[in-house]
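Subject: The structure we talked about

Hello,

Here is the structure I promised to pass on to you. Have a look at it first, and then read on for what I found in it.

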Amino acid sequence: MARTESAMVELGTSMPNFTLRDVVTGAEVSNLDVTGTKGTLIMFICRHCPFVKHLQAGLTQFGKDYDGQGVSIVAISSNDAVKYPDDAPESLAEQQKELGRVYTYLYDETQEAAKAFDATCTPDFFLFNSKLALVYRGQFDGSRPGNDVPVTGSDLRAAVDALLAGKQISSEQKPSLGCNIKWKES
């Protein structure tokens, strides 16, 4: 696995527009269809990555904890499904069942959404406020496979809690670390 950090896109950046296929329903879903009233969390994840697998239970709990609070949570997988069949839409639909279906899960077949967000790794997190401006990008927490730090979601939770409370989110944000996005060969 290639350990890759998130790009740490400039805070205040507007949410890119996208229309992607829902892995369960097959419906086309745009960013405006999934925008929350208080904010929107976009998570670039996949099924095969050991970093995502390490966080999977924490991601499920996170989704349950923030359900109905006005922050929409959307997972996007952008990996090359030909070379990584575990990341094909059918397999991602199974992963969504395992995660408890606590958020929308979309497949970025063209990889244009990942490029627009400047997503570099799985997992990679982008939190936008109600005006679709980026207020957090970075890690879920300090836990990594094999480092014995518990999965809590503390960094992302602090950002979402501040957003919900109408407070300033700290600009001291640590990059996420995970597997590089599996880009298609041109």
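Helix 4 covers residues 154-165 in this predicted model. Its 12 residues reach 16 Å from the first C-alpha to the last, close to the 16 Å expected at 1.5 Å a residue. The buried residues of this helix are Leu-156, Arg-157, Ala-159, Val-160, Ala-162 and Leu-163. You may want to look at what lies over them: the cover includes strand 4 (39-44), helix 1 (50-66), strand 5 (71-77), strand 8 and strand 9 (134-138). Just after helix 4 comes Gly-166, with a positive phi of about 75 degrees.

Strand 5, part of that cover, is also where you will find Ile-76. Is Ile-76 buried or exposed? Its relative accessibility is 0%, so Ile-76 counts as buried. Not counting residues up to four places away in sequence, Ile-76 touches Phe-18, Leu-20, Ile-42, Met-43, Phe-44, Ile-45, Tyr-105, Leu-106 and Asp-108. Take Leu-20 from that list: Ile-76 and Leu-20 are 56 residues apart in sequence, while their C-alpha atoms are 8.7 Å apart in space.

Next, please turn to the loop between strand 4 and helix 1, where His-48 lies. The side chain of His-48 makes a polar contact with the side chain of Asp-87, at 2.6 Å. Leaving aside neighbours within four places in sequence, the residues in contact with His-48 are Lys-53, Asn-79, Tyr-84, Asp-86, Asp-87 and Lys-182.

Now for some backbone details. Two residues other than glycine have a positive phi, and they are worth finding on your screen. Gln-111 has a phi of about 70 degrees and sits in the loop between strand 6 (104-107) and helix 3 (112-117). Asp-118 has a phi near 60 degrees and belongs to the loop between helix 3 and strand 7. How do they compare in exposure? With a relative accessible area of 2%, under the 20% cut-off, Gln-111 is buried. Asp-118, at 39% relative accessibility, falls between 20% and 50% and therefore counts as partly exposed.

A little further along the chain there is a cis peptide bond, from Thr-122 to Pro-123, with omega near 0 degrees. Pro-123 lies in the loop between strand 7 (121-122) and strand 8 (124-129).

Pro-123 also brings us to the last item, since this residue is part of a cavity lining. How many cavities of 30 Å³ or more does the structure hold? There is 1, and the largest cavity has a volume of about 70 Å³. Its lining is made up of Phe-51, His-54, Leu-55, Pro-123, Gln-139, Phe-140, Asp-141, Ser-143, Arg-144, Pro-145, Ser-176 and Leu-177. Helix 1 gives the largest share of this lining, with 3 residues. Sorted by class, the lining has 6 nonpolar, 4 polar and 2 charged residues.

If you would like a place to start, try Pro-123, which follows the cis bond and lines the largest cavity. After that, Ile-76 is a good stop for seeing the buried side of strand 5.

Happy exploring, and best wishes

Key: Residues are numbered from 1 along each chain as its sequence is written. This is a predicted model: local features need pLDDT of at least 70, side-chain atom pairs count only at pLDDT 80 or more; totals for chains, interfaces and linings use all residues. Side-chain values use heavy atoms; hydrogens and water are left out. Helices (H or I, at least four residues) and strands (E, at least two) are DSSP runs, numbered from the N terminus. Buried means under 20% relative accessible area, exposed over 50%, partly exposed in between (1.4 Å probe, protein chains only). The expected span of a helix is 1.5 Å times one less than its number of residues. Contact means heavy atoms within 4.5 Å. A polar contact is a pair of N or O atoms within 3.5 Å; within protein, one must be able to donate a hydrogen and the other to accept it, and residues adjacent in sequence count only if both atoms are side-chain atoms. On a 1 Å grid over the protein atoms alone, a cavity is a set of points where a 1.4 Å probe fits but cannot get out, and a pocket is an open set with protein on both sides within 12 Å along at least five of seven lines; lining residues have an atom within 4 Å of a point. Grid points are joined across faces, edges and corners, and a volume is the space filled by probe spheres set on the points. Ala, Val, Leu, Ile, Met, Phe, Trp, Tyr, Cys and Pro count as nonpolar, Asp, Glu, Lys and Arg as charged, and the others, Gly among them, as polar.
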